[in-house]
Amino acid sequence: MRDKFAASDRPFSGAAAFRRLFASDGKELAQDDVVTPYLSPIWYRGSSLSDTWKFTHYLDRHGTQQRLDSAFTDELVKDINAGATVKQLRRKIADQWDIEDANRVVLIAKGGFRPQSIKGNGWVVNEIKEKWLCRWIAIDICPEKKYYVLKGLRREYILHSDQKFEHTLQMKEMLRERVFRNVQQQYGKSSSFNLPCKSITISYISNKGEVARNSHRPVWGAEYTFELADLDQAEVFSNEEAWLLPATETCMVCIEDKKISDLPVRVTAGCKHELATCKACLDQWLTSSLESGTWDRLRCPECPELLKHADVHRYASKATFSRYDELVTREALKDLPHFRWCLSTACTSGQIDDAACTKFKCNECKSSHCIRHNVRWHKGETCEQYDKRNKKRLKDDKASEEVIKKTSKNCPECKKAVTKWTGCNHITCVCGHEWCYVCFAKFERNNIGFLFCRHKPECTEVDPFIDVVD
């Protein structure tokens with residue numbers, strides 16, 4: 001490469017060196033890495049030995065540039081090394097050049113994997129150098145108000161455009177292609193974000209702070225909000241952009257500093273609030289809710305909204321979701337006529353069986369059990385012979401059942417016997433149903449999540465807040 005450039009009209013000086021080589025996934029190649037010919041492009045950085053940032057300023061609309069003075073460059077580099085975001089860099093440059101509106105400052109990554117204008121106000125500038133191999137930023141000052149501000153998912157992006165958009169669809173397309181599908185850390189890896197423009201909602205924010213959702217001709221310099229209809233795709237983008245973001249949030253549960261991407265976009269489609277619980281703590285919340293028997297009433301930890309199957313799949317760990325999915329499946333199948341689960345402890349299969357037959361044979365593990373007695377199949381015996389052999393045991397079981405009937409009450413929902421030894425009369429059954437142990441009345445929640453119970457007149461329990469609920 002040195003010989004190639006020496007023969008060109010831009011030879012490198014003696015103070016320059018080809019110091020770093022990179023594979024197309026952004027990984028720097030070590031001295032002993034084996035490079036397979038024709039497998040993929042190899043990126044190189046030819047730079048001075050200092051390998052520091054370079055800043056230039058566009059002097060006119062024809063692309064003429066000049067370097068910034070070294071004193072101001074040193075200040076910018078110091079801020080970048082300290083973790084400055086794009087918004088902070090815009091503000092510093094605007095103050096230096098007496099520009100009131102910092103959004104007019106356009107930062108353009110030159111060279112590297114993705115030469116383009118840098119749109120995310122919350123992006124950490126130094127990450128662009130490390131991952132996209134950009135160490136040269138060109139600065140342009142756009143004419144007044146020739147940009148659009150888009151806010152959503154707790155993020156802010158500045159879209160600079162020389163041509164005015166005629167419809168919000170153009171804004172959606174630019175946001176989708178230049179931001180949502182263009183933040184992957186690895187070069188050459190396609191984005192997993194594939195939400196169509198029709199599923200992106202753009203709303204105008206008036207000077208009074210009012211939001212207008214109807215389509216209209218975009219206004220230069222105005223602020224807009226965006227929403228994504230698909231929460232799964234919103235999380236795809238959030239995860240792909242995560243490496244560019246600083247830790248700016250604090251989880252209210254673990255009290256640790258988190259990135260925006262560490263927090264859920266929304267736990268459910270019905271949630272209208274910003275989340276303050278990180279994804280790790282949300283998973284623990286879901287796990288503990290399953291263990292407490294409320295799997296069919298999983299709620300957002302910050303509001304009364306109930307989670308759907310897709311919400312649990314999105315935020316629960318693999319093990320937690322597997323357990324939840326099993327419970328949902330069992331609940332859906334339990335009311336099917338003649339459906340039975342295999343009794344083998346090593347099998348989780350079930351099937352619809354012949355109602356006239358007392359012998360169940362699992363199609364999955366091939367084990368058999370007796371439908372009449374609900375035990376493993378009594379090989380070599382009929383059900384009558386089994387009853388005769390176990391007459392004494394059946395007598396003892398019947399006596400035990402009588403004791404249980406006297407000392408317990410059946411859950412109104414699943415009919416299982418529940419024995420209360422101590423504590424209050426508010427019962428939460430293993431099936432998730434909540435009821436009063438005295439009068440069997442159901443505990444319910446109103447539309448804001450407040451728990452109450454309409455006890456029967458003869459009950460010794462009284463809900464002091466029932467008048468407030470009514």
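**Helix α5**

Select residues 168–180, helix α5, in this predicted model. Colour T168, M171, K172, M174, L175, R176, V179 and F180: these residues of α5 are buried. What do the buried residues of α5 pack against? Show β8 (147–152) and β9 (155–160), then β10 (200–205) and β12 (223–228). Add helix α6 (231–241), and the list of packing partners is complete.

**Strand β7 and its neighbours**

Next, select residues 136–141. This is strand β7, and five of its six residues are buried, so the rest of the structure largely encloses the strand. Which way does strand β3 run relative to β7, parallel or antiparallel? Select residues 54–58 to see β3; the two strands run parallel, joined by four bridges. For one point of registry, pick T56: its bridge partner in β7 is A138.

Now add residues 105–110. This is strand β5, which pairs with β7 over six bridges in the antiparallel sense. Centre on L107; opposite this residue, in β7, stands I139. Keep β3, β5 and β7 displayed together for a moment. β7 pairs with β3 in parallel and with β5 in antiparallel fashion.

**Zoom out**

Hide the selections and show the whole chain. There are 470 residues, and 41% of them count as buried. The secondary structure comprises 12 helices and 25 strands. Take the contacts with a sequence separation of 6 or more: 51% come from residues 24 or more positions apart. Switch on the surface. About 27600 Å² is exposed, with 50% of that area supplied by carbon and sulfur atoms.

**Salt bridges within helices**

The chain has 23 salt bridges. Three of them make good stops.

Start at helix α3, residues 86–96. Pick R91 and D95: their closest N and O atoms are 3.0 Å apart, and they form a salt bridge. Both sit in α3, four residues apart, about one turn of the helix. Why does that spacing suit a side-chain pair? An α-helix has 3.6 residues a turn, so residues three or four places apart point the same way. Are these two side chains on show? R91 is partly exposed, because its relative accessible area is 32%, between the 20% and 50% cut-offs. D95 is also partly exposed, at 47%.

Move to helix α8, residues 309–315. Here R314 forms a salt bridge with D311, with closest N and O atoms 2.9 Å apart. The two residues are three positions apart, about one turn of the helix. Are R314 and D311 buried or exposed? Both R314 and D311 are buried.

Then go to helix α9, residues 318–333. E326 forms a salt bridge with R323, and the closest N and O atoms are 3.9 Å apart. Three residues separate E326 and R323 along the sequence, so about one helical turn lies between them. E326 is partly exposed, with a relative accessible area of 29%. R323 is partly exposed too, at 43%.

One more selection: E75, D79 and K92. Salt bridges link these residues in a network.

**The sheet β17-β18-β19**

Select strands β17, β18 and β19. In that order they form an open sheet, with antiparallel pairing. The edges are β17 (359–361) and β19, each pairing on one side only. How many bridges join β17 to β18? Three bridges do, and the strands run antiparallel. Label K361 and look across to β18, where S368 is its bridge partner.

**H373, in the loop beyond β18**

Follow the chain out of β18 (368–370). H373 lies in the loop between that strand and β19 (375–376). Show side chains here. Which residue does the side chain of H373 meet in a polar contact of 2.5 Å? The partner is the side chain of D387. Leaving aside residues up to four places away in sequence, H373 touches H378, C383, Y386 and D387.

**Last stop: a surface patch**

Turn the surface back on and select I448, F450, F465 and V468. Together they form a nonpolar patch with about 430 Å² of accessible area. V468 is found in helix α12, residues 466–469. Click on V468 to finish: its relative accessible area is 69%, so the residue counts as exposed.

Key. Residues numbered from 1 in each chain as written. Predicted model: local features only at pLDDT ≥ 70, side-chain atom pairs only at ≥ 80, totals over all residues. Heavy atoms only, no water. Polar contact = N/O pair within 3.5 Å; in protein donor to acceptor, adjacent residues only side chain to side chain. Contact = heavy atoms within 4.5 Å. Salt bridge = Lys/Arg side-chain N within 4 Å of Asp/Glu carboxyl O. Buried < 20%, exposed > 50% of the residue type's maximum accessible area, 1.4 Å probe, protein only. Pairing = 2+ DSSP bridges. Areas by Shrake-Rupley, 256 points an atom, 1.4 Å probe, with all protein chains shown as cover. Patch = residues over 30% accessible without salt bridge, like charges linked within 9 Å, V, L, I, M, F, W, Y side chains within 5 Å.
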